[in-house]
Amino acid sequence: MVTQIVVYLSLVLQIVAMGFAISLFKRTKFNAAWILISTGFFLMAIYRAIELVPSMHRGESEELYQTKVWLSFVISLAFAIGAFYIRKVFQFLRRLDSIRSETEKRVLSAVIRTEEQERQRFAKELHDGLGPLLSVIKMLLSGFEEKNTPEVNDKIKGNLQQAVDEAITSVREISANISPHILNNFGLRDATESFIRKLRPAEGIDINFKTNIDNRRFIYNVEVIMYRVICELINNTLRHANASKINIDLQLQGDVLYLEYEDNGMGFDVKQAESDGGMGLSNMQYRLNSGNGDIKISSETGRGMIARAFIKCK
């Protein structure tokens, strides 16, 4: 009696295991190893059901015995082949872990490089912008003396006031570069237009910007990422391309923000630039990937450059 209960319980467990295995077909994307193992569970359930036959009918026929033997063989074969394919699954997982580790290293390297570039740029702006002004202020303060005529001291005071005003303006500009107030207060379109207006007179380059986003606001990360990508592309053109014209097209389609950027500069070898990690390409890639976006750049020497990027707004 106990033996029969154990056999029945074994059959139930086999059926449950088979059900779980079959339910995972879709999740495993119909992997061959999992199909074979599930087949093994199915055949084992049949085998257990056949084992119940002798308990219901005395004796065991030759045909039943042969069926059990062949079922045992097929089950063993299915599990053996399944185990072989599972080994391949684990090999794939190891490769996946290796790729993930390498990607994490590249991302970390890009983050560190970006932070270091931002520190260097910040230090340069402080040194070139505030440093001379503070030196002038110190010199003017040392020029105040009681023996000076009132006219001289008034002139020193006027120059000091002008130097302090320039220092305040420089601090505001540095602060705006680090965290653009226009972007925070008015949005991506106004911030981009403001950045372009500052460049046109100084750089002597024709920058055309068109967009359909109007005054629409997006989540903070989307605005910051796209703004930084546009600024990085423009800076790359100014530093490396020797271009006279830039076209920027920023379009919202559904929940995706698309950017098409083009210049008529000297162009470059994209594969070489990507392998060297130059021109901020990895930084732009990392920024956009963090927002479920991407960027593709095409260029040839002497034929300018086109960059197409997108980022999801939700």
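**Close-up views of a predicted model**

**View 1. The β4–β5 hairpin of the predicted model.** Strands β4 and β5 form a hairpin with five residues between them. In the turn, glycine 302 has a positive phi of about 85 degrees. The antiparallel strands β4 (residues 294-299) and β5 are joined by six bridges. Across this pairing, isoleucine 297 of β4 stands opposite alanine 307 in β5.

**View 2. Pairing of strands β3 and β5.** Strand β3 (residues 256-263) runs antiparallel to β5, and eight bridges join the two. Glutamate 262 stands opposite isoleucine 306 in β5.

**View 3. The two faces of strand β5.** In a regular strand the side chains alternate between the two faces of the sheet. Strand β5 (residues 305-312) shows such alternation: Met305, Ala307, Ala309 and Ile311 point to one face and are buried. Ile306, Arg308, Phe310 and Lys312 point to the other face and are not buried.

**View 4. Surroundings of threonine 192 in helix α7.** Threonine 192 lies in helix α7, which spans residues 188-203. With 2% relative accessibility, threonine 192 counts as buried, because the cut-off for this class is under 20%. The side chain of threonine 192 reaches the backbone oxygen of leucine 188 at 2.8 Å. Leaving aside residues up to four places away in sequence, threonine 192 touches Phe209, Tyr227 and Ile230.

**View 5. Cysteine 231 and cysteine 313.** Cysteine 231 counts as buried because its relative accessibility is 8%, where the class requires under 20%. Cysteine 313, at 7% relative accessibility, likewise counts as buried. A disulfide is a covalent bond between the sulfur atoms of two cysteines. With a cut-off of 2.5 Å between cysteine sulfur atoms, the count comes to zero disulfides.

How values were computed: Residues numbered from 1 in each chain as written. Predicted model: local features only at pLDDT ≥ 70, side-chain atom pairs only at ≥ 80, totals over all residues. Heavy atoms only, no water. Buried < 20%, exposed > 50% of the residue type's maximum accessible area, 1.4 Å probe, protein only. Helix = DSSP H or I, 4+ residues; strand = E, 2+ residues; numbered from the N terminus. Polar contact = N/O pair within 3.5 Å; in protein donor to acceptor, adjacent residues only side chain to side chain. Contact = heavy atoms within 4.5 Å. Pairing = 2+ DSSP bridges.
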